Amino acid sequence: MSMIRHRLETNRDFSPFSLINHFCALVTRALLKASPLNRNCLHCDDAGTETNLPKGCVLERILALQKLNRLGVAEYNNVLKKLNKCKSNNFSYVDRLLKKISSDNEFCPRCTIEKVILGSEKSQPDDLDLVPYMISAIANDLSLMVTFQKIPKLACEHEDRIIQVKDLRFFVDIGVFDLYPKPVSTIEKHMKVQMEMETAYMSAMQGSA
């Protein structure tokens with residue numbers, strides 16, 4: 001960061017007051033940089049998220065997972081209630097999902113959820129029905145770390161991971177963290193929070209009437 005600051009502040013086109021804006025723009029460009037999709041998956045090309053984000057960029061991939069929650073927490077809470085009658089384990093969905101992914105070789109993990117789990121019809125719910133919400137919840141809570149390494153102007157290796165700002169070229173590396181599985185009891189907690197928010201909203205509306 002200090003190196004970036006020195007180069008930008010000594011450049012006539014930059015002022016100390018605009019430093020943070022240029023740095024934020026650099027981070028934004030890194031997160032929006034298009035990247036090839038999984039070449040081993042035959043279905044990624046038609047599993048779009050219908051957004052204006054660049055195809056394959058980090059934010060587009062995260063959003064694709066967040067949008068797996070199509071039914072809403074209330075509906076998944078109803079499924080969980082039915083499963084609790086069968087004493088469903090808090091993390092049983094994890095092993096079942098991993099087995100499903102490993103058995104469907106032509107699908108990447110996201111497409112497995114999109115096309116196999118969401119697209120299947122069952123007479124009775126099981127813990128795999130909770131997977132879309134659980135993956136979405138993980139994607140909503142993840143953390144990102146973006147690092148930049150200055151490289152020579154003539155360096156051309158890994159060009160798809162290089163961003164240039166004025167006369168500076170940076171090799172970009174993006175880490176995604178906090179992807180640990182959540183217990184299915186998370187659904188109950190989220191449902192409680194939603195009900196509290198709705199109650200607070202209704203109280204506020206009645207108070208302003």
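**Exercise 1. Is phenylalanine 170 buried or exposed, and what is its relative accessible area?**

Solution. The structure is a predicted model, in which local features need pLDDT of at least 70 and side-chain atom pairs count only at pLDDT 80 or more, while totals for chains, interfaces and linings use all residues. Residues are numbered from 1 along each chain as its sequence is written, and side-chain values use heavy atoms, with hydrogens and water left out.

Step 1: the scale calls a residue buried under 20% relative accessible area, exposed over 50% and partly exposed in between, with a 1.4 Å probe and protein chains only. Step 2: phenylalanine 170 has a relative accessible area of 2%, so this residue is buried.

**Exercise 2. Describe the aromatic pairs, beginning with the partner of phenylalanine 170.**

Solution. Step 1: rings of Phe, Tyr and Trp (its six-membered ring) pair if their centres lie within 6.5 Å, and planes under 30 degrees apart count as stacked, over 60 as edge-to-face and the rest as tilted. The structure holds 3 aromatic pairs.

Step 2: the rings of tyrosine 76 and tyrosine 133 have centres 5.4 Å apart and planes at 50 degrees, so this pair is tilted. Tyrosine 76 belongs to helix α4 and tyrosine 133 to helix α7, 57 residues apart, so that the pair links distant parts of the chain; both tyrosines are buried. Helices (H or I, at least four residues) and strands (E, at least two) are DSSP runs, numbered from the N terminus.

Step 3: phenylalanine 148 and phenylalanine 170 have ring centres 6.1 Å apart and planes at 75 degrees, so their pair is edge-to-face. Because phenylalanine 148 lies in strand β1 (residues 143-150) and phenylalanine 170 in strand β3 (residues 168-177), the pair ties together parts that are 22 residues apart in sequence. Ring pairs also bring Phe23 into a cluster with Phe148 and Phe170.

**Exercise 3. Which elements give two or more residues to the largest nonpolar core?**

Solution. Step 1: a nonpolar core is a set of buried Ala, Val, Leu, Ile, Met, Phe, Trp, Tyr and Cys residues joined through side-chain atoms within 4.5 Å. The largest has 21 residues, and Leu130, Val131 and Ile187 have the most contacts inside it.

Step 2: the contributing elements are α4 (73-84), α5 (92-103), α6 (109-117), α7 (131-141) and α8 (185-208), of which α7 gives the most, with 6 residues.

Step 3: contact means heavy atoms within 4.5 Å. Leaving aside neighbours within four places in sequence, isoleucine 187 is in contact with Val73, Tyr76, Asn77, Leu80, Leu130, Tyr133 and Met134. A second, separate core has 7 residues, including Phe170 and Leu26.

**Exercise 4. Work out how α6 is enclosed and how α5 packs against α6.**

Solution. Step 1: because 7 of its 9 residues are buried, α6 is largely enclosed by the rest of the structure. Among these buried residues are Arg110, Cys111 and Glu114, and the buried set packs against α3 (58-66), α5 and α7.

Step 2: α5 and α6 pack at an angle of about 95 degrees, with axes 10 Å apart. Axes are lines fitted to C-alpha atoms, for helices over the stretch in contact, and angles run from 0 to 180 degrees between N-to-C directions.

Step 3: angles under 35 degrees count as roughly parallel, over 145 as roughly antiparallel, 65 to 115 as roughly perpendicular and the rest as oblique, so α5 is roughly perpendicular to α6. The contact is made by Leu97, Lys100 and Ile101 of α5 and Pro109, Thr112, Ile113, Val116 and Ile117 of α6.
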